[in-house]
Amino acid sequence: MKTPTDLKPSPRIGLALGGGGPLGGIYEIGALRALDEALDGLDFNNLDVYVGVNSGSFVAANLVNQMTTAQLCRIFVRNEAEVHPFHPDVFFRPALKEIGSRLLAVPGLFSTALRRFINNPYDQSLLEALTILSQAAPAGLFDNEGLHDYLKRAFSMLGRSNDFRQLKRNLYIVAADVESTEAVCFGAPGFDHVPVSRAVQASTASPGLYVPVDIDGRFYVDGTLHKGLHASVAFEDGADLVLAVNPQVPIDANAAVRAGTMAPGELTHSGMPNLLSQSFRTLVHSRMKSGIAHYATDYPDKDIVLFEPTRDDAKLFFSNVFSFQSRRMVCEHAYQMTRRDLLSRADELEPKLMKYGIRLRRDRLEDEQRTISTSLYGEMLPLYVAKSRQKKAAGKGRIVTGLENVTQLFSKAE
């Protein structure tokens with residue numbers, strides 16, 4: 001057992017969240033809820049530095065704006081599609097302006113192709129000349145301006161801010177400059193004037209899927225192009241310990257078949273989107289592992305603790321993020337997977353975390369009946385009873401204990 005004198009003086013703790021699209025964001029919220037319950041001495045709304053890329057930028061921006069892990073979970077435990085942005089109307093709104101401008105360019109491009117062929121028919125065949133029409137393909141199919149609009153409203157509420165400079169804690173959102181290919185940390189000096197909502201929009205703009213986001217005359221897309229996890233940004237900001245959540249891992253099809261979560265050949269025959277996803281996940285995960293391996297050399301006195309899905313579980317890979325039932329399943333699945341990971345690594349993690357004044361709650365991890373829902377109901381029960389007693393004392397009511405009334409309170413809580 002560490003004594004108080006063994007603790008690092010005022011250690012700085014950071015959180016680094018990876019990408020993975022809307023599904024990855026849901027996974028992160030479930031995993032963070034499990035960490036929040038199991039790690040005593042840690043307040044996920046009051047860490048020293050937050051770093052997010054892609055969907056991780058959305059989650060990090062909400063945490064630094066004092067949205068608790070319990071509140072984030074309620075977004076998915078309850079179907080609040082009209083209030084929160086996880087529905088197709090926001091994420092898959094066609095980029096009509098971009099598509100329209102490309103279509104208008106087709107006649108000019110066709111004329112250019114014919115002119116080149118006629119002027120020099122021996123240089124290119126007509127078919128080769130017509131390849132210039134590829135420029136008519138839109139830069140992205142969808143417009144995620146709706147996400148920016150939602151976050152702009154959400155971060156304008158009392159107690160929140162859409163301005164990096166007014167946040168109580170450091171927030172860095174990573175995106176990639178399309179033309180220079182450089183990674184940019186919004187929130188850092190020189191880039192902290194950009195609204196948080198616009199930075200999140202840029203970081204979540206996956207190439208080909210979303211139109212690049214124009215910020216100050218530069219165009220930005222998903223920062224995952226550089227790294228799947230930018231924990232080094234937190235270390236450079238002075239963090240001594242970084243907790244990292246990476247939702248984006250490639251599926252090991254053979255292991256998934258053995259685990260019973262996938263049928264033989266299911267991945268190969270599931271269509272182009274899943275094959276592209278598998279390829280992208282493999283590339284990102286490989287680079288992330290290589291980067292983490294260098295942290296021991298680059299930051300010898302610092303620690304990183306990584307949480308990610310197991311590679312034999314296809315439930316997360318094939319889930320439909322816009323199905324309420326699937327969202328609830330993914331959130332719960334991430335919660336339970338992270339709890340099992342913490343418990344299996346408890347002997348390794350306890351001394352590492354103790355250096356930073358963090359205690360691992362094995363009692364909660366060993367509770368096999370615990371779920372996101374039961375933990376949230378338990379959180380609200382003392383408040384419900386206290387309010388009931390206040391009403392009774394005032395002669396306006398009586399104490400009623402029962403799941404129905406706790407559920408009613410839960411449904412009204414934010």
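Modeller: A polar contact is a pair of N or O atoms within 3.5 Å, where one must be able to donate a hydrogen and the other to accept it. Keep that in mind for this predicted model.

Biologist: What makes the approach of the Arg-345 side chain to the backbone oxygen of Leu-306 a polar contact?

Modeller: The distance is 3.0 Å. The cut-off is 3.5 Å. The pair therefore counts as a polar contact.

Biologist: Where does Arg-345 lie?

Modeller: In the loop between helix H13 (324-344) and helix H14 (346-354).

Biologist: Why is Arg-345 called buried?

Modeller: Its relative accessibility is 19%. Buried means under 20%. So Arg-345 counts as buried.

Biologist: Which residues does Arg-345 touch, leaving out those up to four places away in sequence?

Modeller: Val-305, Leu-306 and Phe-307.

Biologist: Turn to Arg-339. Why does Arg-339 count as buried?

Modeller: The limit is under 20%. Arg-339 has 5% relative accessibility, so Arg-339 is buried. Its place is in helix H13.

Biologist: What makes the pairing of the Arg-339 side chain with the backbone oxygen of Arg-364 a polar contact?

Modeller: A polar atom of that side chain lies 2.8 Å from the oxygen. The cut-off is 3.5 Å, so this pair counts too.

Biologist: Which residues does Arg-339 touch, again not counting residues up to four places away in sequence?

Modeller: Ala-34, Arg-364, Leu-365, Asp-367 and Arg-370. Leu-365 is 26 residues from Arg-339 along the chain, yet their C-alpha atoms are separated by 5.9 Å.

Biologist: Now a helix pair. Why are H2 and H8 called roughly antiparallel?

Modeller: The axes of H2 (residues 55-64) and H8 (residues 196-203) cross at roughly 160°. Angles over 145 degrees count as roughly antiparallel. H2 and H8 therefore earn the term. Their axes come within 8 Å, and the crossing is right-handed.

Biologist: Which residues meet where H2 contacts H8?

Modeller: Ser-57, Phe-58 and Ala-61 in H2 meet Val-196, Val-200 and Ser-203 in H8. The contact divides into 4 nonpolar, 2 polar and no charged residues.

Biologist: What makes two of these residues polar?

Modeller: Ala, Val and Phe count as nonpolar, and Asp, Glu, Lys and Arg as charged; the others count as polar. Ser-57 and Ser-203 are therefore the polar residues here.

Biologist: And the whole chain: how many helices and strands does the protein chain have?

Modeller: There are 17 helices and 12 strands. Of the 414 residues, 47% count as buried. Among contacts between residues at least 6 apart in sequence, 77% join residues at least 24 apart.

How values were computed:
Residues numbered from 1 in each chain as written. Predicted model: local features only at pLDDT ≥ 70, side-chain atom pairs only at ≥ 80, totals over all residues. Heavy atoms only, no water. Helix = DSSP H or I, 4+ residues; strand = E, 2+ residues; numbered from the N terminus. Buried < 20%, exposed > 50% of the residue type's maximum accessible area, 1.4 Å probe, protein only. Contact = heavy atoms within 4.5 Å. Axes fitted to C-alpha atoms, helices over the stretch in contact; angles between N-to-C directions. Parallel < 35°, antiparallel > 145°, perpendicular 65-115°, else oblique. Left-handed = near helix turned anticlockwise from the far one by under 90°.
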